[in-house]
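Here are my notes on this one, jotted down while going through the model. Could you read them side by side with the coordinates?

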Amino acid sequence: MANYKPVATLSYPKLGEKITQDTLYWKHYKSPIQIKEFGVVSKIDFSPLAPHNYAVTASTRIHIYGRYSQEPIKTFSRFKDTAYCGTFRDDGKLLVAGSEDGVVRLFDIGGKAALRQFDGHTKAAHMVGFTSDKYRIVSGSDDYTSKLWDIPNATEIVSYREHTDYIRCGCTSKLNADVFVTGSYDHTVKVFDARTERSVMSMEHGQPVESMLLYPSEALLVSAGGRYVKVWDMLKGGQLLVSLRNHHKTVTCLCLSSSGQRLLSGSLDRHVKVYSTTNYKVVHSFDYVASILSLALAPEDEMIVVGMTNSVLNVRHRKPELKKESTSKRSRRRLAYRVFVKGKDYMPKQEDIFVSKPVKDHLKKYDKLLKGFQVSKALDAALEPHLRAKTPEVAVAVMQELNRRGTLKNALAGRDERQLSVLLTFLLRNLIEPRFAPVLIRVAEFIFDIYLPVIGQSTVIDKQVLKLQELLENEMDYEQELLEVLGMMDTLFATMAVKKSTTVQKDPANGVSRGTGLEQSSTTSC
């Protein structure tokens with residue numbers, strides 16, 4: 001018994017996501033902070049100036065939050081109905097917002113009352129923004145019109161009515177103060193120049209447009225609507241560059257990282273996708289508990305803020321970078337390390353006497369029970385909750401050892417309802433795993449052989465047996481479908497691999513043999 005060999009647990013490769021630089025970068029955020037708002041969060045906008053406070057538009061209020069504050073440091077509540085699209089000006093001193101009553105209001109960050117009110121829309125104004133010259137405001141409304149307003153005089157400059165449905169999103173050019181873009185539920189994206197009477201460019205998105213943004217160079221425009229995110233080349237007259245469909249539900253918001261190298265999209269499917277702007281592949285994904293309506297990134301990607309339909313604001317802060325230790329501390333630690341590993345590379349000589357310290361092997365609980373031939377208790381020890389949940393391969397290894405000894409049937413027999421339920425639960429979770437299937441199928445056969453006479457006496461066991469039967473039937477159906485697909489693929493590959501026979505014809509005039517078909521033989525002279 002002194003030479004007992006512990007159960008050998010096979011190690012299997014872990015199946016996980018590929019670790020990339022993007023994975024490390026976007027996972028470097030702290031646990032999220034949840035802030036309850038008064039209504040659904042429809043818009044989040046960061047101030048361009050330090051300390052980069054952000055405005056949250058929800059219900060009839062616009063809250064201004066500080067970087068680490070969980071309570072609003074300022075509130076604008078002078079709205080008769082729902083507020084929309086609270087947006088900062090480039091200097092961070094003014095904020096503009098639309099509303100359900102169609103009035104566009106301009107606020108001073110230092111005050112509470114509206115500085116200006118722009119009346120002209122007959123329905124809700126969902127889209128507002130400042131032009132790059134800071135003296136004009138663009139607005140889009142459910143009355144199908146987009147308007148340009150003069151801030152000093154509080155007057156309308158120009159109005160366009162080219163859309164045939166609600167205007168719900170838009171953006172202004174940072175390079176040209178006269179250019180702005182609007183997106184509508186009529187499936188179109190239109191580019192306007194205030195110096196002209198009509199739109200200068202129009203793109204067909206194909207779905208109601210929910211969000212849009214311009215790249216910093218403004219050579220590319222991104223629109224989101226339905227399940228699609230589309231990128232348009234502005235320098236080629238609005239030519240479609242790429243169409244992305246990585247969400248399962250409507251895409252509601254877009255955002256660019258501070259470097260402009262990553263594009264983020266939020267959707268009603270509760271996911272935020274991060275795309276590379278070089279190849280437009282998804283490089284990372286965030287999961288949330290509710291459908292997403294708004295999304296914003298702080299400068300330098302210090303914060304990612306998401307607004308959801310359950311009126312919760314989800315805020316994640318980037319973890320601080322760890323400071324490197326001083327050179328003196330590192331040098332002292334190196335000296336201590338050298339002391340501890342001194343002699344590790346020493347090569348013993350012939351006259352040296354080697355004294356080895358015996359290392360005692362500590363057996364696991366199930367190994368001790370197997371050593372004492374307590375097979376049933378050993379199986380129970382391998383099926384303890386922490387083992388069967390985290391390391392099911394241990395329980396499978398014990399079952400395999402019992403089967404090798406020929407005592408597996410004895411270990412499975414004589415179990416009460418609770419113990420048998422634990423076994424069946426383990427089978428339900430792991431039976432279809434390819435790495436465990438050969439052993440667990442044998443275990444399932446033994447269980448049915450032993451307990452078949454008592455099936456029907458326990459409702460709990462009966463339900464688990466029915467689930468196990470359904471699981472096996474589904475797995476057999478999947479394998480049958482895979483075999484059919486494999487057969488079709490084999491037929492295709494065989495057809496592609498068949499070489500057409502070469503027909504050799506001889507020309508009696510000059511005695512030349514020629515090959516015809518797919519493989520033309522070389523011409524040889526007789």
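The points below take up one sheet and then the cysteines.

1. Keep in mind throughout that this is a predicted model.

2. Have a look at the open sheet made of four strands, which run in the order β18-β19-β20-β21 with antiparallel pairing. The edge positions go to β18 (209–214) and β21 (239–244). Each of these two has a single partner strand, so one side of each is left without a neighbour in the sheet.

3. On the twist: neighbouring strands of this sheet are turned by 20° against each other on average, with direction ignored.

4. At the β18 end, the pairing with β19 (residues 220–225) is antiparallel and takes in five bridges. If you want a spot to check by eye, go to Leu214, whose bridge partner in β19 is Leu221.

5. How many disulfides does the count come to? Zero, going by a cut-off of 2.5 Å between cysteine sulfur atoms.

6. Cys169 is a good example. The closest cysteine sulfur to its own belongs to Cys171, at 8.1 Å, and that is too far for a bond. Cys169 is also buried, with a relative accessible area of 6%.

7. Cys255 is in no disulfide either: the nearest cysteine sulfur, in Cys253, lies 8.4 Å away. Is Cys255 buried or exposed? Its relative accessible area is 9%, and the cut-off for buried is under 20%, so Cys255 counts as buried.

Methods. Residues are numbered from 1 along each chain as its sequence is written. This is a predicted model: local features need pLDDT of at least 70, side-chain atom pairs count only at pLDDT 80 or more; totals for chains, interfaces and linings use all residues. Side-chain values use heavy atoms; hydrogens and water are left out. Two strands pair if DSSP finds at least two bridges between them. Axes are lines fitted to C-alpha atoms, for helices over the stretch in contact, and angles run from 0 to 180 degrees between N-to-C directions. Buried means under 20% relative accessible area, exposed over 50%, partly exposed in between (1.4 Å probe, protein chains only).
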